[in-house]
Amino acid sequence: MSAEHPYREIIFNGIWQNNPGLVQLLGLCPLMAVTTNLVNGLGLGIATLMTLATTNLLISLLRPFIREEIRIPAFVLIIASTVTAIELLIHAYFSELYAVLGIFIPLIVTNCIIIGRAEAYAAKNPPQYAWLDGLIMGIGFTLVLVTLGAIREFLAHGSLFSQAHLMFGEAARGLSLQISDHFTGLLLAALPPGAFISLGFLVAGKNYIDQRRAAHTQQQALLKPASDAL
Amino acid sequence: MMFGTNTSPYMHAPQGVGQVMAQVIYALVPGTLVLLWFFGWGVITNLLLGLGFALLLEALMLKLRQRPILPFLTDYSAVVTGWLLAVALPPYSPWWLLLIALIFAMVIGKHLYGGLGYNPFNPAMVGYAAILVSFPVEMTSWPAPELTSIANINLSEALQQVLLGGASTWDGLTQATTLDTIKTHLRLGETVEQISQGQAFGWIAGQAWEWVSLAWLAGGLWLIYRKIISWHIPFALMAALAGMALIFWLINPHTYSSPLFHLVGGATILGAFFIATDPVSASTTPLGKILYAGGIGCFTYIIRVWGSYPDAIAFAVLIMNMAVPLLDAYTQPRVYGTKGRFGL
């Protein structure tokens, strides 16, 4: 990590370079199970994001008081209490969304991203970086959830933002798009195999872009000495 | 004088992929002709669309993967995949159904895994399963034989159905397949004997199906005679399926169909001789082949009888494809002169 731009580094890492969904491939269980439509993906993404930012901050703050030997159980306790609080919040304010996401909210406790970031980042870095790392990793994960949810919803039902009112209230009902009432979609996309195949294509797409960029920078590097010589 | 001598190993020149695939295609011809007799133009449109899309997608993927196009196109493996899907789908299938099936077969099932020889799953069955799960209505409405033969449906009507789809009179020309009928009527509490009185049923398993199955059988036996496939897979598959059917039929013949019905009905014969025997995704050792095909037979019976889909060859083949690496690893034949795993 470059010392001059830790914030920029953290942001680039979480959104792209080390994206939890596409590169670390962590938390695949909720990633696959919940993303049958865009709104579900967004809901779970935001819940994960809040958890991740909070736990990273708490763990980083409590770092001096946690003994090395028992750090994992301590992390789990912190994560479990945070998730419980967030679950109660969602239950109180978005009870319909809570009904849709169901078991996957309490299961955030076991999401590998949370404990992964706690162990790999928050336990070693000061709080001002740790909370940002949690937030950005959460955003990176949410972006993947939303993209996957959008692709699967569109392929399977030909719609986008259906059930948006679960999250944004009745006013958001108009947000839902439907191409045609007679759309017979690729039902497979909404089923578990569709999740695996779509995620595979997303990962392949990311690798393709990275390859193109690497080839591009290499070409630039090759061209540079030549232009210097002129 | 000197005689030219060669050093060991002495090997015969095996047939190339193209020759093997060409003979599989010849063996598919009789069954396809019988389908044509019963279902008319729809079989031809399926076949043309299937082969066209298969070759097109194969060429496209080869180009994307920067592989030589012509040598791979002329190994006919894409033709076999397209042909198998064309005869597996209901005749008069809309063009997009074949296109989606072949995208899943050629792109996802075959080339994303590295092309011919590297695909762990049977490409045709990947495509079939994908659209069966996605479009159950289109996939289970087979046209009624006789009503849709060439004498009754002319070419322009057939093309209209395939390209534009959904003529309102068309619903009257389709009917549930025999396996489907058995399944839905058993749920209504009827017995197998009562259901078999229905007009869709012929001598064993439905008017057209008996003849189609016989024609597949003829083609398949010819493949065994030509040593393109070994007897292990087709016979182990049929034995396992018939064995399962026999046990339950003896327990209660009112709710379980006879072994003969399971052998002749649905895609059993086509699956046993042409689909399960795919040289890439099937097991390669003799014992492995028997276990692999036996597994397919058992799974087919289980899904047909207790699952929610009427036929199950595709799912059973895909499930057992996953077990192939393990089967191959554990069933390596004993090399002559060495001791086997159990010291025998």
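These notes cover chain B of a predicted model, its confidence, fold, cores and contact with chain A.

1. **Confidence overall.** The model is predicted. Its scores are ipTM 0.78 and pTM 0.85. Chain B has an average pLDDT of 86. A pLDDT of at least 70 is reached by 92% of the residues of chain B.

2. **Confidence by element.** Among the elements of chain B, the highest mean pLDDT, 95, belongs to helix H12 (residues 232-251) of chain B. The lowest, 73, belongs to helix H10 (residues 192-196) of chain B. As a general caution, predicted coordinates should not be read in detail where pLDDT is low.

3. **Secondary structure.** Chain B contains 16 helices and 2 strands.

4. **Overall dimensions.** The C-alpha trace of chain B spans about 80 × 50 × 40 Å along its principal axes. The radius of gyration of chain B is 21 Å. That agrees with a compact globule, because 344 residues would then give a value near 20 Å.

5. **Burial and contact range.** Of the 344 residues in chain B, 47% count as buried. Take the contacts in chain B with a separation of 6 or more: 75% of them join residues 24 or more positions apart.

6. **Nonpolar cores.** The largest nonpolar core holds 97 residues. Those with the most contacts inside it are Leu85(B), Ala101(B), Met125(B), Tyr128(B), Leu237(B) and Val317(B). Another core, of 50 residues, lies apart from it. Its members include Val83(A), Ile105(A), Ala130(A) and Val146(A).

7. **Around Leu85(B).** Which residues does Leu85(B) contact, leaving aside neighbours within four places in sequence? The partners are Gly50(B), Leu98(B), Ala101(B), Leu102(B), Ala105(B), Ala124(B), Gly127(B) and Tyr128(B). Two of these names, Ala101(B) and Tyr128(B), also appear in the list of core residues with the most contacts.

8. **Leu56(B).** This residue sits in helix H2 (residues 41-64) of chain B. Is Leu56(B) buried or partly exposed? Leu56(B) has 15 other C-beta atoms within 10 Å, so it is partly exposed; buried would take 20 or more. Between Leu56(B) and Ala78(B) the C-alpha to C-alpha distance is 9.4 Å, with their positions 22 residues apart in sequence.

9. **Interface with chain A.** On the chain B side, 5 residues are in contact with 6 residues of chain A. Helix H6 (residues 123-134) of chain B supplies the largest share of that side, 3 residues. By type, the chain B side has 4 nonpolar residues, 1 polar and no charged.

Key. Residues numbered from 1 in each chain as written. Chains lettered and ligands numbered in written order. Predicted model: local features only at pLDDT ≥ 70, side-chain atom pairs only at ≥ 80, totals over all residues. Contact = placed C-beta atoms within 7 Å. Helix = DSSP H or I, 4+ residues; strand = E, 2+ residues; numbered from the N terminus. Nonpolar A, V, L, I, M, F, W, Y, C, P; charged D, E, K, R; others polar. pLDDT = per-residue confidence, 0-100. Rg over C-alpha atoms; globule rule 2.2 N^0.38 Å. Buried ≥ 20, exposed ≤ 12 C-beta atoms within 10 Å, placed from the backbone. Core = buried A, V, L, I, M, F, W, Y, C linked by C-beta atoms within 7 Å.
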